[in-house]
Amino acid sequence: MSDTLDQKHKLTKQTTDSLLEVMILRDVRVPMRDGLTLSTDVYRPKLSGEYPAIVVRTPYGKTSRVIHEMGTYFAARGYVVLYQDVRGRGDSDGEFIPYRSEGKDGYDCIEWAAEQDWCTGAVGTLGGSYLGRIQWLTALQKPPHLKTMISVVTPSDPFVEWPTGVPTPHHLCWLYMVGGRVMQNVDVVDWERIYSHLPLMTMDELTGKSFKHWREELSHTYLDEWWKEISYQNQFDRINLPALHISGWYDDEQVGTPLNYYGMRTQGASEHARNNQKLLMGPWTHQINTSAKIGDLDFGPDALIDLKGYQLRWFNHWLKQENNGIVDEAPVRLFVMGDNEWRDEEDWPLPQTQWTKYYIHSEGSANSRFGDGKLSTTVPSVIHTDASVAQDKNHFSSSFDTNISPSSDKGKSFDQYTYDPANPVPFITDMVSSQIGGPDDYSAIERRDDVLVYTTDVLEEDVEVTGPIKMELFASSTAKDTDFMVKLLDVWPSGYVQRLTDGMVRARFREGMAKPKLIEPNKIYSYEVDCWNTCHVFKKGHQIRIEIASSAFPKYDRNLNTGEDLAQSSTMVKAKQTIYHDSTYTSAVVLPIIPRK
């Protein structure tokens with residue numbers, strides 16, 4: 001691992017070449033194969049000659065200040081930058097149908113650029129969020145002149161970020177925002193009221209209009225062929241490109257970026273592709289590299305970098321064959337939260353990872369942060385007790401069969417709570433879709449009895465957790481379908497409870513998003529909960545905490561517990577949930593522990 005100051009230098013290194021004067025050609029009409037034309041603004045050096053091209057395709061409008069600055073920046077350094085309104089947005093022809101035409105349209109734009117007399121024939125792509133995902137859909141079309149891409153805060157395949165069978169409530173906000181030729185003002189809508197509406201299928205009507213894309217997506221409540229048409233993460237073996245993957249630990253679509261890096265490193269179409277992937281993860285939200293502070297937390301002076309300079313070095317190597325050393329640097333560059341410094345690594349997940357199970361324990365009352373839930377590396381020794389017939393006077397009526405021998409070990413083999421969809425556990429977030437969640441303080445949320453809380457002892461030394469987080473959960477429910485949410489948090493000595501990352505599983509999709517299957521009430525099932533990724537040092541004096549609940553609203557829609565159609569149902573029932581932690585059903589979170597030097 002390199003010295004922190006050396007890393008900062010690498011992240012801020014810029015070219016010393018003199019800058020070129022820039023000219024802008026507005027509303028250049030680029031033809032698509034079906035005869036439509038897409039409006040494109042072209043930023044290029046005034047000096048005649050041949051230059052590599054960078055293609056950026058967007059549904060958000062190509063005339064913003066940020067776009068102008070980016071286009072000018074790269075054009076002044078010897079590139080032609082094409083900013084294109086995607087089909088049906090801005091000044092482009094056609095109808096906007098999210099993702100469905102982007103692969104072919106991206107191919108046509110790249111190949112058009114490569115044929116122009118100002119282009120060397122080398123083309124790269126750049127962009128974040130929607131702009132990132134459509135780069136992958138374009139890469140699957142294999143445009144001959146596409147040489148590399150920089151994929152930023154890129155969404156995953158359907159049901160990876162939201163494994164619920166239906167879009168998240170915030171997705172309707174996004175559809176509203178892009179629901180016309182130009183951007184719509186989402187701040188004039190009462191999203192909190194709308195997100196609470198049932199059934200989901202008619203939620204859109206409360207915005208004042210209906211959205212056919214929302215309703216069509218809700219008509220496909222599992223991973224079927226309709227969704228597979230816009231999937232890419234199962235096809236890395238068809239992509240033969242170097243790629244720079246960029247995201248932030250608090251990006252609300254963060255999970256896709258490490259998955260894409262790992263997928264290309266292990267499944268890319270050739271050794272050339274597999275060996276030329278880079279991952280950059282900062283202490284950022286979806287709006288990467290714009291602030292060193294998220295909410296109440298300041299990640300320090302090194303949190304912001306010269307990202308444009310780093311991207312320039314990448315393009316200079318792959319589009320101009322410049323030997324600038326970027327491919328010789330470590331493939332993974334991470335900002336380590338807690339230590340608040342950058343560090344180079346050799347791969348993701350980190351090769352030195354010690355995958356460590358932290359088991360949940362209690363004496364049967366882990367409800368809320370005032371309960372007795374514990375988290376430790378000690379394997380539970382409590383003998384399994386059948387919760388479906390056990391009496392639990394703390395949470396349920398005494399009508400259960402009590403003919404059970406108590407365990408000889410201290411503690412109880414399960415915790416229980418009631419999940420009521422009419423009163424879901426809140427997820428702390430803005431109501432608009434620009435950013436969902438952050439390093440928020442969950443101490444108040446943890447006062448609820450429908451939140452189970454498991455906490456380690458106070459740490460006697462720093463503990464680094466860097467990598468994917470998984471929860472192995474054994475649970476039963478009185479419902480035919482329900483949800484389980486897991487959250488990883490850092491408990492500060494001050495009482496601040498910092499959310500790091502979280503995830504969820506919908507019971508009917510426990511065997512995969514293509515195979516919905518309801519559960520049998522009161523039967524114990526094994527669930528794996530993907531809690532995404534983090535890179536964080538729990539400092540000495542802090543504590544590691546896990547929360548378990550059955551809702552995180554409005555980040556995810558509420559499971560109504562009936563097993564009915566997810567989009568059409570409005571009937572709610574309460575569910576009694578049981579989480580097991582005994583010698584047979586050893587529920588545990590698997591933490592990627594990194595040895596400290």
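## Cavities and a ten-strand sheet

The lining of the largest cavity splits evenly by count: 5 nonpolar, 5 polar and 5 charged residues. (Ala, Val, Leu, Ile, Met, Phe, Trp, Tyr, Cys and Pro count as nonpolar, Asp, Glu, Lys and Arg as charged, and the others, Gly among them, as polar.) This is a predicted model, where local features need pLDDT of at least 70 and side-chain atom pairs pLDDT 80 or more, while totals for chains, interfaces and linings use all residues. Residues are numbered from 1 along each chain as its sequence is written, and side-chain values use heavy atoms, without hydrogens and water.

A cavity here is a set of points on a 1 Å grid over the protein atoms alone where a 1.4 Å probe fits but cannot get out, and lining residues have an atom within 4 Å of a point. Strand β19 (residues 497-506) gives the largest share of that lining, 4 residues; strands are DSSP runs of E, at least two residues, and helices are runs of H or I, at least four, numbered from the N terminus.

Now for the sheet. It's open, has 10 strands with mixed pairing, and runs β1-β2-β4-β3-β5-β6-β7-β8-β11-β12; strands pair if DSSP finds at least two bridges between them. β1 (22-31) and β12 (341-345) are at the edges with a single partner strand each, so one side of each has no neighbour in the sheet.

Two helices lie across strands of this sheet, touching them through heavy atoms within 4.5 Å. Angles run from 0 to 180 degrees between N-to-C directions of lines fitted to C-alpha atoms, for helices over the stretch in contact.

| Helix | Angle |
|---|---|
| α2 (residues 65-75) | about 50 degrees to β2 |
| α3 (residues 102-115) | about 155 degrees to β3 |
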